[in-house]
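Work through the following exercises with the sequence and the model open beside you. Try each task before reading its solution.

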Amino acid sequence: MLIRQPRNAAMLSAATAAALLGFVATAAEAAFFLPTTTTTSLGGVVIPRRPDAAASSSSDGSLFEASSSQATIRTSTSTPPRRSPSSSSLYSTTTVDAYVPPDLSGRVAVVTGATRGIGKGIALELGAAGMTVYVAGRSDESDDASSAGGGGGATTEREFEGMEKCTVQQTAREIDSMPGPGRGVPVKCDVRDDDDVQALFERVKDETGGRLDVAVASAFQTPPGLDTADFRNDFWKQGADMWDCCHGVGLRGAYVTCCEAVPMMIDTAAAAAADEKKESKGEGKGGNKPLIVLISSFGGKSYTFNVAYGVGKAACDRLASDMSVQLAPYGVDTVALYPGVVRTEGNLAMDERGEWDEASGGMPLDPGKAESPRFSGRAVATLLSDPSRMTERSGKVAVVAELAKELGFTDVDGSTPPSIRSLKFILPGFVFPQIEKESGKPLPSFITDNIPDYLLPWSVFEGGPPPTND
């Protein structure tokens, strides 16, 4: 049985696909044919048996890496409707949201790309935690949107309902409207313009006395052809336009942002270290280490979308890694943050127009499977609340969904979406549909409802070419 190429983020290697099929096949065989008992163990994974079952062999569990020392089987609940809320409610919390932001009051953040999407979600969560957040982005409502170069109003390469409200001022107002001391400071900034980036950090230095606790590089330019299959085309057919788009804002812009941010962050780290010494003597309040966050993706580990995109994300990961080597002596940490599939304004609009499945290859956008933009913000805030957590991850990749399970925070609807490299994401998203298509029959619910939250090891996840469509 063949796995069709998923054509999306986190492409499965041929070896991975074969192993997953073996896992499911063995699970199904165990469920139907093993003798009557309640469960059977397949490579350490507990699979419920049907009451009328009879005998089978076990599969090799060496492929799988448990997210905890013992697998926990959770029964899925009913799937919520796919259609999404309007963009105005996209960042709202719900009554089932029990998350309590850490107290980060008095600290200062700069977030680029903060007018929409992941950048806005991070800015809002840092504001909810009490930080002063410099909301940086191109979209500014104070100028004429028709000015030269599109300098004013909402600027985006992706149209969606409510886009006119996606400005630095709007994000800042939403921060200011939250309870607590958090404050939003809107700053128009195009990270393609080095002078803009320099002016941003000069303003931060002047207004905060040189304090900067976190810099988040989230600005990213929408690549050409994102809403069509052209986005996944061969690199020699895409040419330099795709390369320049993926690397100009998302990579070069992140590098320039870090260059301007680091001098202040080194000073902030030195002041924090001095305050920590005072605390040891019964004086002061203790220090807080600064953190640089680069928004990357699973494309940095596994073939995703196209060549230029993957190279750009892998470079972001390497930027975080190499910066940590030089910044470690100064007490500044770095991390490359991997969100999952995110319910951004642009993605939801593509779904409403019927473009999402073709462009993404069928990635799920359902709440509980996909993430809200604020989920990434909670990851950043939680890391900032404990310097030891930051230091042990400095220079490394951190997956938002995996941090949530480890550190105990949830998304805005109270859910904890699975990591893209988890069986809970891969099996129902890609493997089960292919099995059902080939067999013409649905898999039994006692298999589909009891998927263990096991993580594929990175060595497997990133290995080999994706399977073909043949």
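**Exercise 1: a helix pair**

Gly-117, Ile-118, Gly-121, Ile-122, Leu-124, Glu-125, Leu-126 and Ala-128 in α2 meet Pro-373, Arg-374, Ser-376, Gly-377, Arg-378, Val-380, Ala-381 and Leu-384 in α9, where contact means heavy atoms within 4.5 Å. By class, this contact of α2 with α9 has nine nonpolar, four polar and three charged residues. The model is predicted, with local features needing pLDDT of at least 70 and side-chain atom pairs counting only at pLDDT 80 or more, while totals for chains, interfaces and linings use all residues. Residues are numbered from 1 along each chain as its sequence is written, and side-chain values use heavy atoms, with hydrogens and water left out.

Task: state at what angle α2 and α9 pack, and how far apart their axes lie.

Solution: Helix α2 (residues 117-128) and helix α9 (residues 373-384) pack at an angle of about 45°, with their axes 7 Å apart. That angle makes α2 oblique to α9 (under 35 degrees counts as roughly parallel, over 145 as roughly antiparallel, 65 to 115 as roughly perpendicular and the rest as oblique). As a last step, the crossing of α2 and α9 is right-handed.

**Exercise 2: an aromatic pair**

Task: describe how the rings of Phe-231 and Tyr-309 are arranged, and where the two residues sit in the chain.

Solution: The structure holds twelve aromatic pairs, counted where ring centres lie within 6.5 Å. In the pair of Phe-231 and Tyr-309, the rings are 6.3 Å centre to centre with 75° between the planes, an edge-to-face arrangement (planes over 60 degrees apart). Phe-231 lies in the loop between β7 (214-217) and α5 (235-280), and Tyr-309 in helix α6 (residues 307-327), 78 residues apart.

How values were computed. Axes are lines fitted to C-alpha atoms, for helices over the stretch in contact, and angles run from 0 to 180 degrees between N-to-C directions. Helices (H or I, at least four residues) and strands (E, at least two) are DSSP runs, numbered from the N terminus. A crossing is left-handed if the near helix is turned anticlockwise from the far one by less than a right angle, and right-handed if clockwise. Ala, Val, Leu, Ile, Met, Phe, Trp, Tyr, Cys and Pro count as nonpolar, Asp, Glu, Lys and Arg as charged, and the others, Gly among them, as polar. Rings of Phe, Tyr and Trp (its six-membered ring) pair if their centres lie within 6.5 Å; planes under 30 degrees apart count as stacked, over 60 as edge-to-face and the rest as tilted.
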